[in-house]
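Colleague: I'm new to this one. Can you walk me through it?
Modeller: Sure, here it is.

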Amino acid sequence: MIEAEQLHARILARLDMTRDMEDEELTELIYEVLQEVSQEEYLPLDQKTMLGKELFNAFRKLDLLQEFLEDDDITEIMINGTQNIFIEKAGRISQSDKRFLSADKLEDVIQQIVAGSNRLVNEASPIVDARLADGSRVNVVLPPVALNGPIVTIRKFAKEVITMNKLMEWQSINSEVSGFLASLVAAGYNIFISGGTGSGKTTFLNALSQYIPKNERIITIEDNAELQIQNIKNLVRLEARNANVEGTGEVTIRDLIKSALRMRPDRIIVGEVRSAEAIDMLQALICTI
């Protein structure tokens with residue numbers, strides 16, 4: 001049985017590298033190669049369709065990750081090197097039978113992801129946080145820090161905005177607590193949300209934000225933008241930035257908190273506090289913001 005890697009090599013050998021190929025042309029070339037293969041050995045129609053999609057994703061999108069990203073039931077994707085990929089569905093983690101064709105292909109996908117967030121990752125700077133176009137959060141750790149190959153973790157977020165009503169439907173919270181929290185938000189109380197990894201902190205904060213008065217000026221500060229604040233017109237979204245290749249241009253959460261205090265905010269929402277920015281956040285609280 002012909003391997004996907006062999007199909008990939010056949011198509012790559014026929015690509016015209018002197019110009020950009022349209023998606024339709026690439027699709028036509030892929031199925032031309034698949035048709036040739038089906039004459040050499042039997043390929044069922046469903047397998048041919050599946051291979052066609054996988055090959056297109058390998059050349060145009062995020063390779064085998066694309067299938068996982070398009071599956072709304074998957075909430076987390078964990079890549080431990082080229083051969084070990086795990087996914088989380090309904091709170092349960094299982095190993096996928098998918099594999100990257102090579103370390104180079106995985107590296108290409110990683111660079112494509114981080115470039116989309118204007119980030120940089122390499123051996124000299126092997127750890128980076130980024131996000132996908134749909135808002136999914138990505139963490140990358142490369143060798144030599146990662147001993148078993150490139151590590152990529154993708155946290156997907158629900159396309160549907162999770163509201164307090166939805167949380168009550170799921171019995172994650174009751175109406176009494178929801179009403180109490182609504183009163184605290186409306187009154188301008190300072191609220192901290194804490195919890196373990198994957199416990200739903202961001203989801204809960206997004207839901208809680210529905211109680212913010214619509215006429216207020218809100219400033220959000222995040223490492224990677226993932227908050228979904230709804231129905232606030234006077235909304236300013238700030239995102240931290242890593243240093244460039246020269247080691248300059250870094251903008252930290254701490255820098256953004258200081259700047260936000262000069263923007264006449266009614267509220268400042270800080271996505272995550274993990275280090276020195278806690279000092280500035282506490283100072284902001286003292287200023288009753």
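Colleague: Which residues are buried in helix 9?
Modeller: I253, L256, I257 and A260 are buried in helix 9. Buried means under 20% relative accessible area, exposed over 50%, and partly exposed in between, with a 1.4 Å probe and protein chains only. Helices (H or I, at least four residues) and strands (E, at least two) are DSSP runs, numbered from the N terminus.

Colleague: Why are those four on the same side of helix 9?
Modeller: Because they cover an arc of only 100° around the axis. That arc is taken from the directions from the helix axis to the C-beta atoms. An α-helix has 3.6 residues a turn, so residues three or four places apart point the same way.

Colleague: And what covers the buried residues of helix 9?
Modeller: The cover includes strand 7, strand 8, strand 9 and helix 10 (277-286). Contact means heavy atoms within 4.5 Å.

Colleague: Before we go on, what are the ground rules?
Modeller: This is a predicted model, where local features need pLDDT of at least 70, side-chain atom pairs count only at pLDDT 80 or more, and totals for chains, interfaces and linings use all residues. Residues are numbered from 1 along each chain as its sequence is written, and side-chain values use heavy atoms, with hydrogens and water left out.

Colleague: Back to those strands. In what order do the 3 strands of the open sheet come?
Modeller: The order is 8-7-9, and the pairing is parallel. Strand 8 and strand 9 are the edges, each pairing on one side only. Two strands pair if DSSP finds at least two bridges between them.

Colleague: How many bridges join strand 7 to strand 8?
Modeller: 5 bridges. In one pair, I219 has V236 in strand 8 as its bridge partner. Helix 9 packs on this sheet, and its direction makes about 170° with that of strand 7. Axes are lines fitted to C-alpha atoms, for helices over the stretch in contact, and angles run from 0 to 180 degrees between N-to-C directions.

Colleague: New topic. Which residues touch the most other members in the largest nonpolar core?
Modeller: L65 and V140, out of 25 residues in that core. A nonpolar core is a set of buried Ala, Val, Leu, Ile, Met, Phe, Trp, Tyr and Cys residues joined through side-chain atoms within 4.5 Å. Helix 5 gives the most to this core, with 5 residues.

Colleague: What does L65 contact, leaving aside neighbours within four places in sequence?
Modeller: I77, I79, F100, V109, I113 and I154. There is also a second, separate core of 18 residues, which includes A182, L184, V185 and I229.

Colleague: Do strand 1 and strand 2 run parallel or antiparallel?
Modeller: Antiparallel, joined by 6 bridges. E76 stands opposite E88 in strand 2. Their hairpin has 3 residues between the strands, and G81 takes a positive phi near 80° there.

Colleague: What about strand 2 and strand 3, how many residues lie between them?
Modeller: 2 residues, in another hairpin. A90 in that turn has a positive phi of about 50°. The two strands run antiparallel with 4 bridges.

Colleague: Last thing, the backbone oddities. Where is N231, with its positive phi?
Modeller: N231 lies in the loop between strand 7 (218-222) and strand 8 (235-239), with phi near 60°. At 60% relative accessibility, N231 counts as exposed. R264 has a positive phi of about 55°, and its relative accessibility of 57% makes it exposed.

Colleague: Which peptide bond is cis?
Modeller: The one from P143 to P144, with omega near 10°. Most residues other than glycine have a negative phi, and most peptide bonds are trans.
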